[in-house]
Amino acid sequence: MRRGSILLAVLALLTGLSASAAAGSIGIGVGGGLNLPIAQEDAGSGFLYGARLRIGVASFAALEPCLSYFRQGDSEVDLHGQSVVLDGGQSTALGLNLILGSIGPPGGMRIYGVVGLASHAMKQEGTDDENRLAVSFGPAVETGIGPNLALSLEARLHLISLDGGGARKNMGLSGGLIYYLGRQDR
Amino acid sequence: MLSAGNGSDFHHRMSSSRWNTIYKMMHKRERLLFALAALMILAVLGSCTSWLGSATLRITYSLKNGIHHLENEIQSAEVDLGENSDWQEHRDNITGISRILFAFWVINPTTVDVTAQFYISTDETLTTAQQIENQATLILDGVSVPAQDSVYVAAQDSYQYFRNVDELADRLIDGRFHLYCISSAAPFEIEVPDSAAFLIEFTYAVDWEF
């Protein structure tokens, strides 16, 4: 709760800015990639995909409401000489990302950091469905491939909190396209 | 005396100067906010260090002996997770159990259909079905076994039969208990061979030692 309040305060401050070219820019993005569990024996490699709306709020910052789907690969366990396949689980996440760094209309190579806060609706066979808070962060690069279109690549660590403590850790390696609305002045 | 053109330049310079000042102020404000945002994000991420320093492991624990419920005899099995080296290594740092599954055969040698019930207790001296029902904790219920037949419940199918999962998780974290199986109906005869096994997935805090 306290963490969420702090992040919301940051976002509220940032939304007060609107004096740069990047501020006010709006982009719509889709993407997908690999979802790699880290230090988790209960899941294998899976995939993720999602959509985002990027809203520039300052020369260095943008906000990104996003909806993503995470699928964790099934895992195998040997039981009395027989292989048993167990569901790795899946989650649908509704979140808000904060983009910090070089943002703006499609141009040369842009590098920025992504910090996200999300609510994951988690499902896994053998457990109760639950909603968990998640934090994510990582670097990303973006390059223009058209007047309004950019290609982005990101490597983001997703930490999905668990009941009792600890977290599921997934490294998301993904790529996507972002289409910026309107005429883009570089 | 200023000409009209000069006056326009003057106003233009004034206007430009004002915007420059505002731009510089905004630039300074943005820098300040950038630093503030970065600090706050660091604080948020810093508070997630316990999330970073955790891992999920899975262990398998097979019962050493079978359990049964006969009309005049009840045989329980001891579950001692301390026998598992992974559990033993991390037991003091376990933060939670995320999934429990149980694979087992149930044999019904009687001529009537029965339902198997599994209970756990730290007390190994329970000798009657009534004592078990009153003093132990029900953890699995509803496994129907036809007369003179057997049923295998696979690990991935076992979750639907679990009851009181939180209490089972607490007992597992304690590490040691006794498992009982009783039949729901006369003539009270049911067997679970020693192939029964628990699959337990747990999360533990990584002990950072350099």
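**Entry 1: Chain A, overall**

I began with the contacts of chain A: among those with a separation of 6 or more, 56% are made by residues 24 or more positions apart. I note at the outset that the model I am reading is predicted.

I then looked up the secondary structure of chain A and found one helix and 10 strands. Along the sequence the pattern reads α-β-β-β-β-β-β-β-β-β-β. I recorded chain A as 186 residues, of which 40% count as buried.

I also checked the confidence. The mean pLDDT of chain A is 86, and 85% of its residues reach 70 or more. I marked residues 7-19 of chain A, where pLDDT stays under 50. For this stretch the model has 22 contacts beyond four places in sequence.

**Entry 2: The barrel of chain A**

In what order do the eight strands of the barrel in chain A follow one another? I traced them as E1-E2-E3-E6-E7-E8-E9-E10, closing into a barrel with antiparallel pairing. On average, neighbouring strands of this sheet are turned by 25° against each other, direction ignored. For background I noted that strands of a sheet pair through backbone hydrogen bonds, either parallel or antiparallel.

I next followed strand E10 of chain A, residues 167-180, and its pairing with strand E1, residues 26-38. These two strands of chain A run antiparallel and share 12 bridges. Two positions served me as landmarks: A:Gly29 faces A:Ile178 of E10(A), and A:Leu34 has A:Leu173 of E10(A) as its bridge partner.

E10(A) also pairs with E9(A), again in the antiparallel sense, over 13 bridges. Here I found A:Leu159 opposite A:Lys169 of E10(A). E9(A) and E10(A) form a hairpin, with five residues between them. In the turn of this hairpin, A:Gly164 has a positive phi of about 95°.

**Entry 3: Two residues with positive phi**

I kept one general point in mind for this entry: most residues other than glycine have a negative phi.

Which residue in the loop between E1 and E2 of chain A did I look up? I looked up A:Ala39, which lies in that loop, before strand E2 (44-56). A:Ala39 is not a glycine, yet its phi is positive, at about 55°. I then asked why A:Ala39 counts as partly exposed. A:Ala39 is placed in that class because it has 16 C-beta neighbours inside 10 Å, and a buried residue would need 20 or more while an exposed one would have 12 or fewer.

In chain B, I looked up B:Asn164, a residue other than glycine with a positive phi near 50°. B:Asn164 belongs to the loop between strand E8 (149-153) and helix H5 (165-174) of chain B. I listed B:Asn164 as partly exposed, because 16 other C-beta atoms lie within 10 Å.

**Entry 4: Chain B and the nonpolar cores**

I counted five helices and 11 strands as the secondary structure of chain B. Of its 210 residues, 26% count as buried. Among contacts in chain B between residues at least 6 apart in sequence, 80% join residues at least 24 apart.

Before turning to the cores, I wrote down a general tendency: in soluble globular proteins, nonpolar side chains tend to be buried together.

Which residues of the largest nonpolar core touch the most other members? In this core of 37 residues, I noted B:Ala116, B:Phe118, B:Tyr119, B:Tyr180 and B:Cys181. The elements of chain B that each supply at least two residues of this core include E5 (94-108), E6 (114-121), E7 (137-145) and H5. E5(B) gives the most, with six residues.

I then examined B:Tyr119 on its own. Leaving aside neighbours within four places in sequence, B:Tyr119 is in contact with seven residues that I could name: B:Ile132, B:Ala136, B:Thr137, B:Leu138, B:Ile139, B:Tyr180 and B:Ile182. A second, separate core has 13 residues, among them A:Ala58, A:Phe60, A:Ile99 and A:Ile103.

**Entry 5: Where the chains meet**

How many residues of chain A are in contact with chain B? I recorded 35 residues of chain A, in contact with 37 residues of chain B. Elements giving two or more residues to this side of chain A include helix H1 (2-14), strand E8 (130-144) and strand E9 (149-161). H1(A) gives the most, with six residues. I divided the residues of this side of chain A into 21 nonpolar, nine polar and five charged.

Technical notes: Residues are numbered from 1 along each chain as its sequence is written. Chains are lettered from A and ligands numbered from 1 in the order in which they are written. Two residues are in contact if their C-beta atoms, placed from the backbone, lie within 7 Å. Helices (H or I, at least four residues) and strands (E, at least two) are DSSP runs, numbered from the N terminus. Ala, Val, Leu, Ile, Met, Phe, Trp, Tyr, Cys and Pro count as nonpolar, Asp, Glu, Lys and Arg as charged, and the others, Gly among them, as polar. Two strands pair if DSSP finds at least two bridges between them. Axes are lines fitted to C-alpha atoms, for helices over the stretch in contact, and angles run from 0 to 180 degrees between N-to-C directions. pLDDT is the predictor's confidence in each residue, from 0 to 100. A nonpolar core is a set of buried Ala, Val, Leu, Ile, Met, Phe, Trp, Tyr and Cys residues joined through C-beta atoms within 7 Å.
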